[in-house]
Amino acid sequence: MWKVYGMDCASCANTIKTALQRLPGAGDIRISVTNETLALKLDRAVTQETDIERQISQLGYRPERVDRSDPTARPTKEEPARAWWSQPKGRIALTAGLLVVLAYGASLVIPQAAYLIFIAATLIAAAPISRRAIIAARAGAPFTIEMLMTIAVIGALIIGAAEEAAIVVFLFSVGEVLEGVAASRARAGIRALANLIPQTAMLEAGGALREVPAASLAVGQIVVVRPGDRVPADGKVEEGFSSVDEAPITGESVPKAKEPGADVFAGSINQDAALRVRVEKAASDNMIARIVTLVEEAQEAQAPTERFIDRFSRVYMPFIVVLSALVAVVPPLAFGGAWDEWVYKGLTLLLIGCPCALVISVPAAIASSLSAGARHGLLIKGGVIVEKLAGIKTVALDKTGTLTEGRPEVTDVVALTGGDDALLAMAAAVEAHSNHPLAKAIVSRAAAIPANAGKREATAVRAVPGKGMEGRVGPSDVFIGAPRFAAERAELSGVEETIARLESEGKTVVVVTTDGAAQGLIALRDQPRAGAAAGIAALKDLGVGAVMLTGDNARTGAAIGQMLGLDVRAEMLPADKAEVIKTMAAEKPVAMVGDGINDAPALASAQVGIAMGSGTDVALEAADAALLKNDVSGVSQLIGLARATMANIRQNIAIALGLKALFLVTTIVGATGLWMAVIADTGGTVLVTLNALRLLGYFRTRNRETLALRQAA
């Protein structure tokens, strides 16, 4: 893979791609203008990397090899950020501008000198443009904006329009500078992601700390992350308690508490106290690297609208050249028109017809959208997915781990004798010897009991296969199990109504008995995520329906569905989920949200599969998008961003075609000339790019609107 400096627009990418396609052994060429990258498959038996680099250099760009295996790697000769006026294109624009001003000044004193200065300005500014045009034509890309500009300038000089020729190349140079600035802003988001990872890390070895390059860290090594430092690698906390700001990776604004065993991500910021972290992923495989890779691959994947416009432009460019030639030649030959007038109009039409603004209208918006999403924990795998997301009408969501936390929690404690804390302490003493999820939930809840309630110890604890746990706490024999098994040891007639009520709410009930008497009930349930209800409500506000698919029993599913306000389909196997998704997708566009291996078939069957960031690698691979924040509200954010992107694309296409249509008419009737044609082309390109860049601030605008609505309410 190469970093290609100086590639600012879709025209640049098309020129490079066309030139490389002529080289034997070069195929599967993928170019990202936003990332300034080039990747291809190469048969080294006929063409070498040096041949590729030579061809790119001849086109006027600077290639630099980078390691594709490490998405966060930086080129060895990476260009530092430079002000626009210190770059070659900026200097040419300034020179041409000064000469144009000088020419107008001279016209007031020595009119004859003004004409010569206009010619000098034209030649100085047009020379690099013409050079690129000739090189591109020799490489097999004759229909470029540079070639159209060269023809127009030469024609203008021939008919004596030196003043307008100078203004044309000056405006074109200014447009190129603005395109470069806009492109730099567009790629700043993905560059900022890669720069989140610190360059160095404090490695613990032999009882001492030493500073090493973060990229050199190996799996299993221990690093120390001091307060204020960025975490250098994905890993697990071995020692220490602190809060870590994960906003740069997940977009989550509230720092997360970290303790031994907790996961930490490279690029997150440690806040309170030092942490010892065991490295679990190499630099090329950490969360930031995966995000960068996904975004880069997504930007390389063209949306259907973009592919259509690309195909259209390949036919459109030759058509415009032929049409311009006909406009310049036919009226003088067939109808006796003035040659200078119709040649002028033909040259103007040639510049107006350049499709730069149209070609860049889609990729600029898609790139901005993907970058904005990635910075807020929303990963989208390409423009195709953006278009599909915008049309989603129904969202199907898995329950466990997606709508719920994925682990049971104690919701109710009903003590029949004594207090709730005493009942919990007794149950926890026995359940502490079990690894069952329900047992862990009871022990976790008991850990919050005030110290004065007393901690109990159990002896002779054993599991009763398929029924529950039993042991001795103090002088009493304790059994904990489901109601039907507890009924074999104690009378439950007095609590049957309470058990039925709790179970109707989708909760799992266990009964605690001692010496043949019921002591109380403990109810547990996998609780909905904090933002699940708000996320479902946000989908409904967008006019999107929601349905929950779960393998749980119908009673539990109905209880969760009622709490969140969505339809439920329960007792479903993975294959059943996939079939339901296929049926729904045949009626209207549907997205599937899940987090586990069992969700992978359904994710793949939907028009758009969305994986929760806490899910398995299988789910992430099968999905088309991912929510790194593990927040269901991210689904509505994805759809909202996609709809805003498609609206932006429609605006861009309207700007590009509207300007061309307007200036086409004014040119034919003689109301506008060459310099207005350049405004129609380069100005349109700049407008389209700037409009696309608005998507980078989508979430800031959305947050302000949400805040305003809350204040109004």
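Going by residue class, the largest cavity here is lined by four nonpolar, one polar and three charged residues. That cavity belongs to a predicted model, so take what follows as a tour of a computed structure. Besides the cavities, there's a 46-residue nonpolar core, an open sheet of six strands and a strand that is buried from end to end.

**Cavities**

- How many cavities of 30 Å³ or more turn up? The count comes to two, and the largest has a volume of about 50 Å³.
- Around the largest cavity sit Lys89, Ile92, Ala125, Pro128, Ile129, Arg132, Ser173 and Glu176. Helix 3 (88–107), helix 4 (111–138) and helix 6 (162–194) are the elements that each put two or more residues into that lining.
- Helix 4 is the top contributor to the largest cavity, giving four residues.
- The second largest cavity holds about 40 Å³ of space, with a lining made of Thr15, Leu59, Tyr61, Arg132, Ala136, Thr144 and Glu146.
- Sorted by class, the lining of the second largest cavity has three nonpolar, two polar and two charged residues.
- Arg132 shows up in both linings.

**Nonpolar cores**

- The largest nonpolar core has 46 residues, and the ones with the most contacts inside it are Leu389, Val395, Leu397, Leu403 and Ile610.
- Setting aside residues up to four places away in sequence, Leu389 touches Ile380, Val608, Ile610, Leu638, Ile639 and Ala642.
- Apart from that core lies another one, of 24 residues, with Ala125, Ala156, Phe172 and Phe663 among them.

**Strand 25 and its partners**

- Strand 25 (residues 608–612) has five of its five residues buried, so the rest of the structure largely encloses it.
- Both of its faces are covered: Val608, Ile610 and Met612 are buried on one side, Gly609 and Ala611 on the other. In a regular strand, side chains alternate between the two faces of the sheet.
- Strand 24 (residues 590–594) pairs with strand 25 in the parallel sense over four bridges, and Val593 stands opposite Ile610.
- Strand 26 (residues 625–627) also pairs with strand 25 in the parallel sense, over three bridges. There, Leu627 is the bridge partner of Met612.

**The antiparallel sheet**

- Six strands make up an open sheet with antiparallel pairing, in the order 6-5-7-13-8-11.
- Why do strand 6 (208–213) and strand 11 (263–264) each have one side left without a neighbour in the sheet? They stand at the edges, each with a single partner strand.
- Strand 5 (residues 200–205) and strand 7 (residues 222–225) run antiparallel and are joined by three bridges; Leu203 has Val223 as its bridge partner in strand 7.

**Two buried residues to look at**

- Lys399 sits in helix 13 (residues 399–403). Is Lys399 buried or exposed? With a relative accessible area of 1%, Lys399 is buried.
- Beyond residues up to four places away in sequence, Lys399 touches Thr404, Asp526, Met548, Leu549, Thr550, Asp552 and Ile560.
- Gly640 is part of helix 23 (residues 633–668) and counts as buried at 11% relative accessibility.
- Leaving out neighbours within four places in sequence, Gly640 is in contact with Leu542 and Tyr698.
- Gly640 and Ala538 are 102 residues apart along the chain, with 9.9 Å between their C-alpha atoms.

Conventions
Residues are numbered from 1 along each chain as its sequence is written. This is a predicted model: local features need pLDDT of at least 70, side-chain atom pairs count only at pLDDT 80 or more; totals for chains, interfaces and linings use all residues. Side-chain values use heavy atoms; hydrogens and water are left out. A nonpolar core is a set of buried Ala, Val, Leu, Ile, Met, Phe, Trp, Tyr and Cys residues joined through side-chain atoms within 4.5 Å. Buried means under 20% relative accessible area, exposed over 50%, partly exposed in between (1.4 Å probe, protein chains only). Contact means heavy atoms within 4.5 Å. Two strands pair if DSSP finds at least two bridges between them. On a 1 Å grid over the protein atoms alone, a cavity is a set of points where a 1.4 Å probe fits but cannot get out, and a pocket is an open set with protein on both sides within 12 Å along at least five of seven lines; lining residues have an atom within 4 Å of a point. Grid points are joined across faces, edges and corners, and a volume is the space filled by probe spheres set on the points. Ala, Val, Leu, Ile, Met, Phe, Trp, Tyr, Cys and Pro count as nonpolar, Asp, Glu, Lys and Arg as charged, and the others, Gly among them, as polar.
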